[in-house]
Amino acid sequence: MNKKIGYGIALAVLLAAPFFVYPVFLMKLLCFALFACAFNLLIGFTGLLSFGHAAFFGGAGYVAGWAIRDAGLPMELGIVLGVLAAALIGLVMGALAIRRQGIYFTMITLALAQMLYFVFLQAKFTGGEDGLQGVPRGKLLGSLDLTSDLTLYYVVLAIAIAGFAVVVRAIHSPFGHVLKAVKENEPRAVSLGYDVDKYKLVAFVLSAALAGLAGATKTLVLGFETLTDVHWTMSGLVVLMTLVGGLGTLVGPIVGAIIIIALENKLGDLGNLLADWTTVEWFRNLGDSVTIVTGLIFIVCVLAFRKGIVGELSDWLQRVRKTKLS
């Protein structure tokens, strides 16, 4: 019951948010929150650390952008093609990577993702270093004009909620319980008769498809796609979001995405505000130090919040409840 109330409050806040905050910024947050949730499905609930999720995120963005701009397809069909492309890349990459475990799995995903990065760098339809520019928003179902930021925001919100619902359903299904068993004790899962590799591959493809949904939606929102989204640093960024928010929690990746993306986009404004308040001009250079601030937050979380912000908060609430009951 408490979760339902919490989800209801969160939905109400999200519905009202574009009237107080710039809608494009909110849509970017939603896309990265979905991306982090997709990644968390793999690492947090299956125990597989992928360093190649940028391939799904950016790859789907390129395919969706090309389908909408160059092929002239409707935006919803372009997003579907982007998701299918991400799922296909995930199938191929997963089939190769799940044969190994631990750091070897991680390095294989990184190597394959970097191979795709160079493919997108050389391919003509991607625009190379210039990126894929001028992707139109179009109309939803041929009637709802999406050129309005406010209208598109609610469409993106519906997509993000649908993606989050898929993650929640997968985690709480029998399939999700098997994934948790694989994460906790893979040899025992094998001894119980489960085809562990099959479950890991399905989880990998599902995570890739959801990451692709986030990437395709982001391309529609911003109207362009660049090599930044397929570079390995984007994979590192989603790892950071998940760890800061809380590995293996439902809400943690969303919180982590909000913190990291807000820092990247608003740290300069915060620095100017602090400079005006304190008359210390150094704060105006804070916007140029995003990576330093992000790194410091990561260090603090690793040292003081081993389970992430949401994970530590959840543990604290459980200790408070036990204290009250005793």
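**Notebook: cysteines, core and helices 10 and 11**

I started at C31, which is buried at a relative accessible area of 3%; buried here means under 20% relative accessible area, exposed over 50% and partly exposed in between, with a 1.4 Å probe and protein chains only. Note to self: this is a predicted model, where local features need pLDDT of at least 70 and side-chain atom pairs count only at pLDDT 80 or more, while totals for chains, interfaces and linings use all residues. Residues are numbered from 1 along each chain as its sequence is written, and side-chain values use heavy atoms, with hydrogens and water left out.

**Cysteines**

How many disulfides does a search of the whole structure find? I got 0, taking a disulfide as a pair of cysteine sulfur atoms within 2.5 Å. For C31, the nearest cysteine sulfur belongs to C37 and is 12 Å away. I checked it from the other end too: C37 is in no disulfide, and its nearest cysteine sulfur is that of C31. C37 also counts as buried, at 3% relative accessibility.

**K218**

Next I looked up a lysine that touches C31. K218 sits in helix 9 (residues 196–222); helices are DSSP runs of H or I with at least four residues, strands are E runs of at least two, and both are numbered from the N terminus. Is K218 buried or exposed? K218 counts as buried, at 7% relative accessibility. Leaving aside neighbours within four places in sequence, I find K218 in contact with C31, F32, F57 and D229, contact being heavy atoms within 4.5 Å.

**Core**

I then pulled up the largest nonpolar core, which has 89 residues. Such a core is a set of buried Ala, Val, Leu, Ile, Met, Phe, Trp, Tyr and Cys residues joined through side-chain atoms within 4.5 Å. F32, F35, F56, I79, M93 and M241 have the most contacts inside this core. Helix 2 gives the most to it, with 19 residues. I followed up F56: beyond its neighbours within four places in sequence, its contacts are A86, I89, G90, M93, F204, A208, A211 and G212.

**Helix 10**

M241 took me to helix 10, where it is one of the buried residues. I count helix 10 as mostly covered, with 10 of its 14 residues buried. Its end C-alpha atoms are 20 Å apart, which agrees with the 20 Å its 14 residues should span at 1.5 Å a residue; the expected span is 1.5 Å times one less than the number of residues. The buried residues pack against helix 2, helix 3 (53–69), helix 11, helix 12 and helix 13. Just after helix 10, G246 takes a positive phi of about 145°.

**Helix 11**

Where does helix 11 bend? I find a bend of about 60° at K266, the angle between axes fitted to the seven residues ending there and the seven starting there. Helix 11 (residues 252–278) has 27 residues, but its end C-alpha atoms are only 33 Å apart, short of the 39 Å of a straight helix. Its buried residues include G252, P253, I260, L267 and A275. They pack against helix 2 (23–46), helix 10 (232–245), helix 12 (290–304) and helix 13 (308–325). T279 follows helix 11 with a positive phi, near 60°.
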